Amino acid sequence: MPESAKSLRCPGMIDLSGAEMRRLRRVEERFSAAARAWGFEEIRTPLIEQLHLYTRSGTLSPQLLGRVYSFLDWDGWSGERVVLRPDSTVAVARLYGERYAGQVKKLFYAQPVLRFAAGDERRESWQVGAEVIGASAGNTEVELIVLGDTILDGLGLQERELLISHSGIVRALLARTGWTPVEQSETYDLILTGDAAAIGRMTEALPGLEVGMTLLLESVGNGPEYVANLRTALGSETPELTASLVELSGASSLLASAGLRHTIVTPLARDFEYYTGLVFQWRTDGEVLGSGGRYDNLVELVTGEDAPACGFALDSEVLETLIEEPAPGQAHIALLAKPEASAPALRLLRALASHGLPASLNPPSTNGLTVEVLPEGYRRGQNITPISDEGVAALVRQLEDEAREAFD
Amino acid sequence: MKVWLPWFASLKTKHEKRLIKFALPTGDLRSGAAAFLEANGLGSSEYSAGSRAFRPAADEPGRIAYRVFRERDIPIQVALGNYHAGICSSVAVDEVLARHPNEGIVKLRPLPFGRASLVILVPRENQAGECLTIVSEYPNLAESFALERRIGRYRVLAVNGSASCYPPEDADLALVSLSHRESPDGGALDIVERLSESSACLVANRKALASIDLSMLLAGLSLVRSEQAASQHRQAAQSPAPARVPRAVRIALPDGHQQREAPEVCRRAGLKLDRYDEDASVARPLAADEDIDVKVIRPQDMPQMVAVGSFDLAITGRDCLLNHLAQFPSSPVEEIANLERQRYRWAAVVDQTLQAKDLESAIALWRARGRETIRIASEYPNLADQFARERHLGHYQVIPVVGASEGFVPEDAEILIEGSETGRTWEANGLVPLEWLFDSTMVLVANKNRQARRNYRLVEQLADRFRQAA
């Protein structure tokens with residue numbers, strides 16, 4: 001999208017063209033249709049939320065909190081700040097606690113999140129996401145992975161990889177180091193970027209676990225066998241990891257039996273402290289298409305309501321850049337009229353609309369039936385239909401027949 | 001003793017045509033900065049002598065152009081690129097970078113004066129509620145502190161001074177910069193954490209470093225021990241925070257300029273106070289009337305404190321109230337008495353050579369000179385922003401200023417939004433009012449919802465005494 005260096009746009013904020021919007025809507029419609037078919041209902045949360053929802057330990061990482069857009073609202077004289085929604089899951093957890101406490105809810109949304117990024121990197125990201133809240137733990141995460149996979153398949157994105165991990169593994173190991181939460185979080189982020197020094201520092205801080213750490217941080221796995229190796233290398237020395245490794249192994253087996261190829265990468269869920277269990281991510285060519293996981297403590301942290309939960313979100317704008325133009329929609333009846341024929345044109349437009357026939361006045365292009373509107377009548381081919389109630393009714397009937405034939 | 005270094009000798013040949021714009025601090029860092037410049041052959045006798053000139057001449061002309069600012073303004077001016085370099089406290093830079101990490105300011109090196117510690121103070125006895133209140137003159141650093149410590153629900157009271165006076169009654173903890181000669185609030189507060197050590201530092205604009213020869217500042221400067229030369233920090237008399245005895249009515253009284261007349265207003269209202277007079281005060285003067293609790297804070301901070309319910313009444317300026325309401329239009333604070341003192345006429349002030357008859361023609365002149373962004377400086381940035389919005393100024397930039405604001409126009413701003421008692425300061429600095437805005441006087445403010453409070457009758461009785469005194 002070439003734009004002049006002196007654009008009036010704010011840095012990191014992006015306009016979408018007509019074609020880009022058509023692709024974005026295709027992503028959202030595909031997601032919505034699949035989510036509804038799976039029993040989810042659509043919700044929307046406000047763009048502005050209280051900052052304190054996001055600041056507690058166990059919500060967002062300090063690095064992400066350092067990039068949120070927080071400010072004093074027009075009535076913020078008390079000094080408490082509000083924030084432009086930096087993450088939808090926390091907002092959905094708040095909504096659940098306030099509206100649906102005690103129920104099992106399957107919710108989905110299509111809305112943006114806003115986070116500062118340097119330069120012209122995107123600061124507003126549109127996402128589509130689905131959350132299951134209140135359901136006792138089972139295989140919900142795997143079901144959500146299958147839902148996401150179905151949607152990505154439907155968008156024609158076959159070339160992708162599925163990565164899974166368990167948030168409890170690295171968290172337990174970082175806790176063992178004795179570092180402060182900020183040091184742990186910073187090291188975790190560096191490990192995600194493959195920073196060798198950070199990996200070395202963590203390995204040094206955990207003597208006796210060198211083999212397990214190498215396996216964890218410097219290699220990836222393809223299934224339950226890898227998890228078994230991890231359990232052997234780490235299990236006896238680190239009993240606090242056992243539950244996480246068992247869950248990871250179970251999910252990996254289930255995915256494999258469902259025919260879903262996946263890779264196990266231990267450090268996976270950046271920026272989000274709320275994940276408590278299995279986490280997953282879809283990527284293509286290093287670009288993240290979407291991610292999700294289990295977050296059993298978040299709803300209680302935000303609202304005081306104890307409710308297990310898991311969910312995922314896809315990045316609509318990334319997907320938009322990767323998919324094909326949607327197939328042309330239903331053909332329209334194009335009314336071509338000069339200004340002096342506006343009145344008969346609008347009369348016919350209303351008559352067609354009342355019969356459920358898609359029509360538009362002077363469209364930029366035509367892909368179906370065309371009627372030329374003249375001051376003296378409606379020309380269709382060589383025939384001119386008079387401008388009268390009878391004439392309009394006859395023309396509508398004719399167009400209805402032709403449209404059915406043409407569009408079918 | 002002057003230290004003549006090789007870099008200075010080279011200056012004479014290499015930098016004949018280069019004029020470096022350098023921002024110097026007034027206030028506590030002034031004598032240290034003057035001694036430092038003197039030791040490095042960059043001195044300004046005018047600056048060293050404590051002249052009030054905004055642009056003191058360098059003793060060695062043609063090399064460096066000085067401009068004196070309040071030190072809190074220097075990081076912003078250097079970050080904006082209005083000045084290539086400057087001297088200010090490192091904590092003032094950290095405050096800017098905490099909120100705007102990509103700002104174009106670089107700390108070049110610490111200087112050996114103005115040492116202080118950024119600390120967290122808590123009262124000995126404190127019971128924080130669900131929402132922790134942090135008071136600070138450094139609100140961005142306070143936000144960072146709260147986020148890093150994962151304090152769930154908190155609010156930051158951004159104040160203009162006397163932050164350590166707020167706990168325990170009006171805040172749960174204070175984030176303050178304590179010079180090494182200070183102790184926290186007479187010993188009633190404990191330092192629970194030292195966040196960082198700071199000192200004066202040499203700063204530069206990032207783009208200037210990339211494109212302008214600043215080698216005269218980057219070479220081996222003599223870090224003269226100027227701690228002794230620095231002025232003794234004027235330490236306000238402190239009174240220890242009293243044990244919390246809830247009183248019926250809480251009133252905030254002003255320090256600073258308004259302290260010249262507020263004690264007389266109190267006397268006329270029959271409010272007898274121990275240790276609050278025209279020359280000096282303590283943070284918590286004792287009222288003869290046991291039902292009245294008094295605290296001395298900055299007038300700029302009072303509307304917010306009344307709005308949040310910390311005080312029932314406050315004596316402040318109408319300008320402070322309007323600045324608060326410009327930011328928070330629905331804030332429940334209102335003027336309930338005009339105390340008819342300290343009249344300031346507020347105006348949009350411009351350079352007298354502009355030859356503009358009104359704002360519209362002034363904007364046309366500035367635009368014709370290629371200035372697309374109209375810069376509006378003010379110590380009351382919310383009023384400046386409101387002024388620009390209401391007049392549809394188009395592309396504008398509000399420059400928050402801590403002090404010495406008359407020196408901003410015309411070099412660093414096109415418009416100054418400011419009040420003046422006589423207009424003589426404007427005249428002395430070549431400024432003229434382009435548009436009169438409002439008259440500000442000392443006023444009594446209260447919470448709009450006071451009728452619902454149990455002490456309403458007592459608050460109104462005290463307010464009536466002030467109304468009669470006016």
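Buried area is the accessible area, taken with a 1.4 Å probe, that two parts lose on being put together, summed over both. The views below come from a predicted model.

**View 1. The contact between chain B and chain A buries about 2,000 Å².** Carbon and sulfur atoms give 54% of this buried area, and the contact takes 26 residues from chain B and 26 residues from chain A. On the side of chain B, the residues that lose the most area to chain A are B:Arg150, B:Arg153 and B:Phe328, which together account for 32% of what that side buries.

**View 2. Charged and polar pairs join chain B and chain A, with a count of three salt bridges.** One of the salt bridges is formed by A:Glu273 with B:Arg150, whose closest N and O atoms are 2.9 Å apart. B:Arg150 is also among the residues of chain B that lose the most area to chain A. Between the two chains there are, in addition, eight residue pairs in polar contact, counted where both residues are at pLDDT 80 or more. The elements of chain B that give two or more residues to the side touching chain A are helix 6 (139-148), strand 7 (154-158), helix 10 (302-307) and helix 11 (318-327). Of these, strand 7 of chain B gives the most, with four residues, and the residues of the whole side divide into twelve nonpolar, seven polar and seven charged.

**View 3. In chain A, eight strands form an open sheet of mixed pairing.** The strands follow the order 1-5-6-11-10-9-7-8. Strand 1 (41-42) and strand 8 (263-264) of chain A stand at the edges with a single partner strand each, so one side of each is left without a neighbour in the sheet. Within the sheet, strand 10 (residues 287-294) and strand 11 (residues 309-315) of chain A pair in the antiparallel sense over five bridges, and A:Arg294 stands opposite A:Cys310 in strand 11 of chain A. Helix 4 (residues 88-99) of chain A packs on the sheet, where it touches strand 5 (105-114) and strand 6 (124-133) of chain A, and its direction makes about 135° with that of strand 5 of chain A.

**View 4. In chain B, five strands form an open sheet in the order 2-1-3-10-4, also with mixed pairing.** The edges are held by strand 2 (64-69) and strand 4 (105-110) of chain B, each of which has a single partner strand, so one side of each is left without a neighbour in the sheet. From one strand to the next, the twist averages 30°. Strand 1 (residues 20-25) and strand 2 of chain B run parallel and are joined by six bridges, with B:Lys21 opposite B:Ala65 in strand 2 of chain B. Helix 5 (residues 90-99) of chain B packs on this sheet and touches strand 3 (85-89), strand 4 and strand 10 (200-205) of chain B, its direction making about 100° with that of strand 3 of chain B.

**View 5. A hairpin in chain B joins strand 12 to strand 13 through four residues.** Strand 12 (residues 273-276) and strand 13 (residues 281-287) of chain B run antiparallel and are joined by three bridges. The bridge partner of B:Asp274 in strand 13 of chain B is B:Leu286.

**View 6. A salt bridge joins the side chains of A:Arg9 and A:Asp120, at 3.4 Å from N to O.** The pair links distant parts of the chain, 111 residues apart, with A:Arg9 in the segment before helix 1 (18-37) of chain A and A:Asp120 in the loop between strand 5 and strand 6 of chain A. A search of the whole structure finds 49 salt bridges over all chains.

How values were computed. Residues numbered from 1 in each chain as written. Chains lettered and ligands numbered in written order. Predicted model: local features only at pLDDT ≥ 70, side-chain atom pairs only at ≥ 80, totals over all residues. Heavy atoms only, no water. Contact = heavy atoms within 4.5 Å. Salt bridge = Lys/Arg side-chain N within 4 Å of Asp/Glu carboxyl O. Polar contact = N/O pair within 3.5 Å; in protein donor to acceptor, adjacent residues only side chain to side chain. Nonpolar A, V, L, I, M, F, W, Y, C, P; charged D, E, K, R; others polar. Pairing = 2+ DSSP bridges. Axes fitted to C-alpha atoms, helices over the stretch in contact; angles between N-to-C directions.
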